[in-house]
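Here is a short report on the fold of one protein chain. It takes the sheets in turn, then the core and one buried acidic residue.

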Amino acid sequence: MTMRPTGNMPETAPTQSGDAVEIADGVHWIGALDSALRSFDMILRTANGTTYNAYAVRGAHGVAVIDTVKAEFSGDFFRRLESIADYDEIRFIVLNHLEPDHTGALPELMRRAPNARLIISKRAPAMLKALLKPPGDDNFDYDVADTGDEISLGDRTLGFLHTPFLHWPDTQCSYLVEEQILFSGDVFGCHYCDDRLFNDRVGDFRFSFDYYYAHIMRPFKPHVLDALKLIEPLPLKLIAPTHGPILRDRPRRYVARYRELSTSGDCFEPGAEHRSLIVFYLSAYGSTARMAEAVCAGAESVPGVRVSLYDLEGGEIDPFVDLIEAADALAFGSPTVNGDAVKPVWDLLSSLAVVSLRGKIGAAFGSFGWSGEAVPMIEDRMRGLKMRVPVPGLRVKLIPTDDELAQARDFGSRLALAMTGGGHSPDARGGDAARGERVIDFADLK
Ligand code: FEO
């Protein structure tokens, strides 16, 4: 349901009028409202829908269109665009992000405005080709933009900021110099549908803003911090994201919130001088619990490693996700039940898509009755999450003996040595891991 005004009437109610909405002199919102959406990309709940924000900037020498909308909403987009510009006036189509919720109307816009020049980020060409799938040789042209590049509409200038991995490799922001407007793509966006459009007029969307960050931007915190270095020095009158409210009232609050959310994980870290190992376990008859305690004792014997032990039977998933994001290594202890690890282990392992795990160290151990599949299954899952598993899993049949508990202590100390560089595979969090980069499967474009 689209939110309706409860107090002062909005300046414009786009769902009712279908008109473009002027957000600054000669700058219009030409997007679409999707109030019925309840799930986005299968991972985000959208309790009051979302918006697909697109914009048009008019200058003395023509019009620039910035992003489009999801294909099903093309009619709204074109109707709003046509209310403020003719197609032959469009000189540029700027695409800050190529995900289909912002490029659904692109092929038709290119057909209607054949003289417009496409502007994409320098990491976007391969994705653009995958998106448009031109038959035979390329039948479209484009320019790539990098930080510092500009395009001119005569009396107006659009500059570009290269801000990759927010949240796809192709992402960039654009900046209207004269009006001090940042067109930020998904950055500073949220799934919140309210036809009053502006942050000083819509309902309370703070939860949606943080929720969106947690699910979309959080895995890419190092890239967020890189982008903030470009954004924070800019004079900002308004932030125009591709989803949710347009941020015209104190836009810097949202920039500051991104910095806070991107650095707040520091409070969980045990200190730069320590590496953090978290041991999770479940235990039906106490055997895997005894192994977990022995693993912890062995790991703690290695200087520079701080160990935390948690029984998954007594924990909530969300706080554990925060801990895991800040940890250097994880160990899971699970008995084998009916040829499988137990459900709380899978619940936690399936909740980690919002954090970057690449390069973290993983390990598995557990007691079993007769088959013991849980340990290798957990190891396979951790490898699938791009974690490294340098110490082979430890399995004990039924009740661990003193010798087997000694093996568990040795398992823990070898795990800790791998974390500190004292064992094999010393690089716990290097390269792309520290950047939080992820591989995007272009074939999965919807
Ligand atoms: Fe809103 Fe990443 O598309």
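## Sheets, core and a buried aspartate

Valine 27 has valine 57 of strand E7 as its bridge partner. The model is predicted. The strands concerned are E2 (residues 27–29) and E7 (residues 55–59), which run antiparallel and are joined by 3 bridges.

**The mixed sheet.** E2 and E7 belong to an open sheet of 7 strands, ordered E1-E2-E7-E8-E9-E10-E11, with mixed pairing. Strand E1 (21–24) and strand E11 (142–145) stand at its edges; each has a single partner strand, so one side of each lacks a neighbour in the sheet. On average, neighbouring strands here are turned by 25 degrees against each other, direction ignored.

**The parallel sheet.** A second open sheet has 5 strands in the order E18-E17-E19-E20-E21, and its pairing is parallel. E18 and strand E21 (394–397) are the edge strands, each pairing on one side only. The average turn between neighbouring strands of this sheet is 15 degrees, direction ignored.

Three of its pairings are set out below, each with one bridge pair.

| Strand pair | Bridges | Sense | A bridge pair |
|---|---|---|---|
| E17 (residues 275–281) and E18 (residues 305–311) | 7 | parallel | tyrosine 281 and aspartate 311 |
| E17 and E19 (residues 329–333) | 5 | parallel | valine 279 and alanine 331 |
| E19 and E20 (residues 361–368) | 5 | parallel | leucine 330 and glycine 362 |

Is strand E17 mostly covered or mostly open? It is mostly covered: 6 of the 7 residues of E17 are buried. From E17 the chain crosses through helix H9 (residues 287–300) to E18, and this β-α-β crossover is right-handed.

**Helices on the parallel sheet.** H9 lies across E17, E18, E19, E20 and E21, and runs at about 145 degrees to E20. Helix H13 (residues 402–420) also packs on the sheet. H13 touches E17, E18, E19, E20 and E21, and its direction makes about 170 degrees with that of E20. Helix H10 (residues 317–326) has Phe320, Val321, Leu323, Ile324, Glu325 and Ala326 buried. What do these buried residues of H10 pack against? Their partners are helix H7 (221–231), E17, E18, E19 and helix H11 (343–349).

**The nonpolar core.** In soluble globular proteins, nonpolar side chains tend to be buried together. Here the largest nonpolar core holds 68 residues. Phe77, Ile90, Leu128, Leu182 and Phe188 touch the most other members. Helix H6 (residues 206–217) supplies the largest share of this core, 6 residues. Which residues does leucine 128 contact, beyond its neighbours within four places in sequence? They are Leu95, Leu98, Leu106, Leu118, Ile120, Phe140 and Tyr142.

**Aspartate 101.** This residue lies in helix H3 (residues 100–103). Why does aspartate 101 count as buried? Its relative accessibility is 5%, and buried means under 20%. The side chain of aspartate 101 makes a polar contact of 3.0 Å with the side chain of histidine 102. Not counting residues up to four places away in sequence, aspartate 101 touches Phe40, Tyr52, Thr68, Val69, Lys70 and His243.

Conventions
Residues are numbered from 1 along each chain as its sequence is written. This is a predicted model: local features need pLDDT of at least 70, side-chain atom pairs count only at pLDDT 80 or more; totals for chains, interfaces and linings use all residues. Side-chain values use heavy atoms; hydrogens and water are left out. Helices (H or I, at least four residues) and strands (E, at least two) are DSSP runs, numbered from the N terminus. Buried means under 20% relative accessible area, exposed over 50%, partly exposed in between (1.4 Å probe, protein chains only). A polar contact is a pair of N or O atoms within 3.5 Å; within protein, one must be able to donate a hydrogen and the other to accept it, and residues adjacent in sequence count only if both atoms are side-chain atoms. Contact means heavy atoms within 4.5 Å. A nonpolar core is a set of buried Ala, Val, Leu, Ile, Met, Phe, Trp, Tyr and Cys residues joined through side-chain atoms within 4.5 Å. Two strands pair if DSSP finds at least two bridges between them. A crossover is right-handed if, with the strands pointing away from the viewer, the path from the first strand over the helix to the second runs clockwise. Axes are lines fitted to C-alpha atoms, for helices over the stretch in contact, and angles run from 0 to 180 degrees between N-to-C directions.
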